[in-house]
Amino acid sequence: MKESLQKIEQALQQELTSCATTSDLLTLRGKYLGKNAEISTLMKSMKDVPAEQRPAMGALIHQTKQALELMLNQAELALKQKELNEKLAKETIDVTIEKPYKEKGSIHPINLELMRLEKILTGMGFSQIDGPEMDYDTYNFELVNVPQDHPARDMQDSLFITKDILLRTQTSNAQPRAMQNIKPPFKVFCAGRVFRKDEIDATHTPAFYQVEGIYIDKKVSMADLKSTITQILKEYLGEGTKTRFRASYFPFTEPSVEVDAVCNVCNGKGCPACKYAGGYEILGAGMIHPKVLELNGIDSNEYSGYAFGFGFDRFPKMRFKIPYAKYMFEHDIRFLKQFK
Ligand code: DAH
């Protein structure tokens with residue numbers, strides 16, 4: 001018996017020398033300590049051993065079993081360490097290797113400026129809404145009081161897709177959508193592209209940007225409009241900005257105004273910087289025509305409101321001294337790269 005036990009130990013030692021992986025080791029563990037292992041058979045045969053020899057034999061088998069376990073455990077530890085070392089060696093990361101340079105995008109000058117204005121408007125309680133760039137004639141014209149035969153349609157050469165669908169000519173198409181969907185009082189703005197049939201020159205492109213603001217509540221007055229616009233322009237163009245409100249006409253507002261920023265070079269007298277106009281036009285605005293409120297389901301006896309619309313492209317042009325409007329639409333990477 002003693003001999004058999006020694007042989008088992010030696011056999012395991014022998015097999016361990018050629019055991020190369022932890023999964024091979026698992027097989028060995030089964031072979032030497034499992035249910036059908038030799039040592040288990042010896043344990044079972046204990047019942048045939050004379051009673052007086054049993055304690056000594058039992059102790060011997062137990063010792064051998066412990067020795068086998070120890071050998072297997074040590075081998076497992078060593079193999080695990082070896083496998084870990086191999087894995088680490090294979091997965092080494094060389095942090096000094098140069099990666100190919102990937103160019104990062106930059107924010108378009110129009111968006112840079114829009115973000116600035118959007119921040120001011122949200123700071124004043126306006127929520128941002130979206131309007132579709134392709135829209136029904138109804139929203140772009142009819143529901144803002146520009147019916148089919150209205151002379152105001154001549155002011156805008158539109159790009160029609162079908163008889164009833166066009167590329168919006170103004171962000172005012174957001175007005176009916178807001179009025180029909182939001183319960184007053186509300187203050188919203190919509191910023192985005194509008195489209196008109198225009199030849200490209202220094203100041204014209206067939207696509208350009210507008211920002212539309214709408215406020216509807218009980219007892220909104222021209223005084224609200226004037227103070228809000230003045231404040232927006234002061235925050236946007238600088239504290240010293242002087243504004244000039246001129247009477248004007250828009251089909252969707254009554255009364256209507258156009259707002260100029262007074263030229264800060266000549267203080268409104270007229271000079272080459274403002275092309276002798278004394279300032280430059282910034283936006284159109286006015287008190288929302290009661291008819292527009294009614295057309296879009298708002299009771300004009302209970303509510304009133306103002307609306308304004310900035311032509312936006314001038315601001316990035318002024319701020320970044322961009323000489324031609326078309327640069328902003330050409331996607332020329334050399335131009336865009338400058339706005340990091
Ligand atoms: N939609 C006008 C345009 O494209 C601008 C405008 C004027 C918008 C007056 C308004 C407004 O909301 O009240 O020329």
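Here are four short exercises, with worked solutions, on a predicted model of a single chain.

**Exercise 1. Work out whether the chain is more spread out than a compact globule, or not, from its radius of gyration.**

Start with the inventory: the secondary structure comes to eleven helices and ten strands. Next, take the radius of gyration, which is 42 Å for this chain. Now hold that up against the globule rule, which gives 20 Å for 340 residues. The chain's value is well over that, so the chain is more spread out than a compact globule. For a second look, check the principal axes: the C-alpha trace spans about 125 × 50 × 45 Å along them.

**Exercise 2. Describe the chain's burial, contacts, surface and charge.**

Burial comes first: of the 340 residues, 40% are buried. Then the contacts: take those between residues at least 6 apart in sequence, and 67% of them join residues at least 24 apart. On the outside, the chain exposes about 20200 Å², with 54% of that supplied by carbon and sulfur atoms. Finally, count charges: there are 45 positive and 44 negative side chains, and the centres of the two sets lie 4 Å apart.

**Exercise 3. Walk across the open sheet of seven strands and find which strands stand at its edges.**

Step one is the order, which reads S1-S5-S6-S10-S9-S8-S7, with mixed pairing. Step two is to look at the ends of that list. Strand S1 (127-128) and strand S7 (243-250) each have a single partner strand, so each has one side left without a neighbour in the sheet.

Step three is to move inward from S7. Its pairing with strand S8 (residues 253-262) is antiparallel and runs over seven bridges. The two strands make a hairpin, with two residues between them. To place the register by eye, find Thr243 opposite Ala261 in S8, then Ser248 opposite Ser256 in S8.

Step four covers S8 itself. Eight of its ten residues are buried, so call this strand mostly covered. S8 also pairs with S9 in the antiparallel sense, this time over eight bridges. Val257 is a handy marker here, standing opposite Ala285 in S9.

Step five takes you one strand further. Strand S9 (residues 279-288) pairs with strand S10 (residues 304-311), again antiparallel, over five bridges. Look for Gly284, whose bridge partner in S10 is Gly309.

**Exercise 4. Decide whether Leu336 counts as buried or exposed, then list its contacts beyond its neighbours within four places in sequence.**

First, locate the residue: Leu336 lies in helix H11 (residues 333-336). Second, apply the cut-off: a residue is buried when its relative accessible area is under 20%. Leu336 has 18% relative accessibility, so it counts as buried. Third, see what touches it. Once neighbours within four places in sequence are set aside, Leu336 is in contact with Ser106, His108, Pro109 and His331. Last, try a long-range distance: Pro50 is 286 residues from Leu336 along the chain, and their C-alpha atoms are separated by 97 Å. You can set that beside the spans of the C-alpha trace, about 125 × 50 × 45 Å.

Note on methods: Residues are numbered from 1 along each chain as its sequence is written. This is a predicted model: local features need pLDDT of at least 70, side-chain atom pairs count only at pLDDT 80 or more; totals for chains, interfaces and linings use all residues. Side-chain values use heavy atoms; hydrogens and water are left out. Helices (H or I, at least four residues) and strands (E, at least two) are DSSP runs, numbered from the N terminus. The radius of gyration is taken over C-alpha atoms; the globule rule is 2.2 Å times the number of residues to the power 0.38. Buried means under 20% relative accessible area, exposed over 50%, partly exposed in between (1.4 Å probe, protein chains only). Contact means heavy atoms within 4.5 Å. Accessible areas come from the Shrake-Rupley method with a 1.4 Å probe; for residues, only the protein chains shown count as cover. Lys and Arg count as positive and Asp and Glu as negative; His and the chain ends are not counted. The place of a charge is taken as NZ of Lys, CZ of Arg, CG of Asp or CD of Glu. Two strands pair if DSSP finds at least two bridges between them.
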